[in-house]
Amino acid sequence: MKVILLDEQVKEIQTLISELIEQEIKFHLTNLNLSSPYLNKKQTCEYLNISNNTLDSWITKGLPTIRIGKTIRFDKNEIHKWINRLEK
């Protein structure tokens with residue numbers, strides 16, 4: 001079976017594939033910082049597989065944070081210690 005596409009269809013497919021690849025690269029570059037011991041709010045939500053609302057709730061319940069100006073960071077070790085204390 002042979003499929004024949006018009007030049008504009010080929011270009012459209014190439015553009016779509018290019019955009020998908022670019023999105024995936026950006027996604028993975030953003031998540032590379034998960035190897036760092038310190039995470040921002042978005043990374044922490046992804047790391048713990050929780051919503052931003054749940055994270056905010058945990059912060060009010062005592063989840064340790066590091067504040068740098070207006071920026072909030074989370075230390076992975078402190079997150080694990082806090083969760084382990086809750087489990088006891």
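**Exercise 1. The nonpolar patch**

Find the residues that make the nonpolar surface patch in this predicted model, and give the patch area.

*Solution.*
Step 1. Colour the nonpolar side chains at the surface. The patch is made by Met 1, Val 3, Leu 5, Val 10, Ile 13, Ile 17, Ile 21 and Ile 25.
Step 2. State the area. The patch covers about 820 Å².
Step 3. Place one member, Val 3. Val 3 sits in the segment before α1.
Step 4. Classify Val 3. Exposed means over 50% relative accessible area. Val 3 reaches 61%, so Val 3 counts as exposed.
Step 5. Check the confidence nearby. Helix α1 spans residues 7-31 and has the lowest mean pLDDT among the elements of the chain, 84. The highest, 96, belongs to helix α3, residues 52-60. For the protein chain the mean pLDDT is 88, and 90% of the residues reach 70 or more. Where pLDDT is low, the predicted coordinates should not be read in detail.

**Exercise 2. The order of elements**

Count the helices and strands, then write their pattern along the sequence.

*Solution.*
Step 1. Count. The protein chain has 4 helices and 3 strands.
Step 2. Read along the sequence. The pattern is α-β-α-α-β-β-α.
Step 3. Look at the contacts. Take those between residues at least 6 apart in sequence: 42% of them join residues at least 24 apart.

**Exercise 3. The sheet**

Work out the strand order of the open sheet and name its edge strands.

*Solution.*
Step 1. Write the order. The 3 strands stand as β1-β3-β2, and the pairing is antiparallel.
Step 2. Find the edges. They are β1 (38-39) and β2 (66-68), each of which pairs on one side only.
Step 3. Take the pair β1 and β3. Strand β3 covers residues 71-75, and 2 bridges join β1 to β3. In this pair, Tyr 38 has Asp 75 in β3 as its bridge partner.
Step 4. Take the pair β2 and β3. These strands are antiparallel over 3 bridges. Arg 67 stands opposite Ile 72 in β3.
Step 5. Ask what holds such pairs. Strands of a sheet pair through backbone hydrogen bonds.
Step 6. Follow the turn. β2 and β3 form a hairpin with 2 residues between them. In the turn, Gly 69 has a positive phi of about 65°.

**Exercise 4. Another positive phi**

Which residue has a positive phi although it is not a glycine, and is that residue buried or exposed?

*Solution.*
Step 1. Name the residue. Asn 49 has a positive phi of about 60°, and it is not a glycine.
Step 2. Locate Asn 49. It lies in the loop between α2 and α3.
Step 3. Classify Asn 49. Its relative accessible area is 71%, so Asn 49 is exposed.

**Exercise 5. A buried threonine**

Decide whether Thr 44 is buried or exposed, then list the residues it touches.

*Solution.*
Step 1. Locate Thr 44. It lies in helix α2, residues 41-48.
Step 2. Apply the cut-off. Buried means under 20% relative accessible area. Thr 44 has 0%, so it is buried.
Step 3. List the contacts, leaving out residues up to four places away in sequence. Thr 44 touches Leu 39, Leu 55, Phe 74 and Ile 79.
Step 4. Set this against the whole chain. Buried residues make up 18% of the 88 residues. The accessible surface comes to about 7200 Å², and 56% of it belongs to carbon and sulfur atoms.

**Exercise 6. The salt bridges**

How many salt bridges does a search of the whole structure find? Describe each one.

*Solution.*
Step 1. Count. The search finds 2 salt bridges.
Step 2. Describe the pair Lys 41 and Asp 56. Their side chains meet at 2.5 Å, N to O. The pair links distant parts of the chain: Lys 41 is in helix α2, Asp 56 is in helix α3, and they are 15 residues apart.
Step 3. Classify both partners. Lys 41 has a relative accessible area of 25%, so it is partly exposed. Asp 56 has 29%, so it is partly exposed.
Step 4. Describe the pair Lys 81 and Glu 78. The closest N and O atoms are 3.3 Å apart. Both residues lie in helix α4 (residues 76-87), 3 residues apart, about one turn of the helix.
Step 5. Classify these partners. Lys 81 is at 46% relative accessibility, so it counts as partly exposed. Glu 78 is at 28%, so it counts as partly exposed.

Methods. Residues numbered from 1 in each chain as written. Predicted model: local features only at pLDDT ≥ 70, side-chain atom pairs only at ≥ 80, totals over all residues. Heavy atoms only, no water. pLDDT = per-residue confidence, 0-100. Patch = residues over 30% accessible without salt bridge, like charges linked within 9 Å, V, L, I, M, F, W, Y side chains within 5 Å. Areas by Shrake-Rupley, 256 points an atom, 1.4 Å probe, with all protein chains shown as cover. Salt bridge = Lys/Arg side-chain N within 4 Å of Asp/Glu carboxyl O. Buried < 20%, exposed > 50% of the residue type's maximum accessible area, 1.4 Å probe, protein only. Contact = heavy atoms within 4.5 Å. Pairing = 2+ DSSP bridges.
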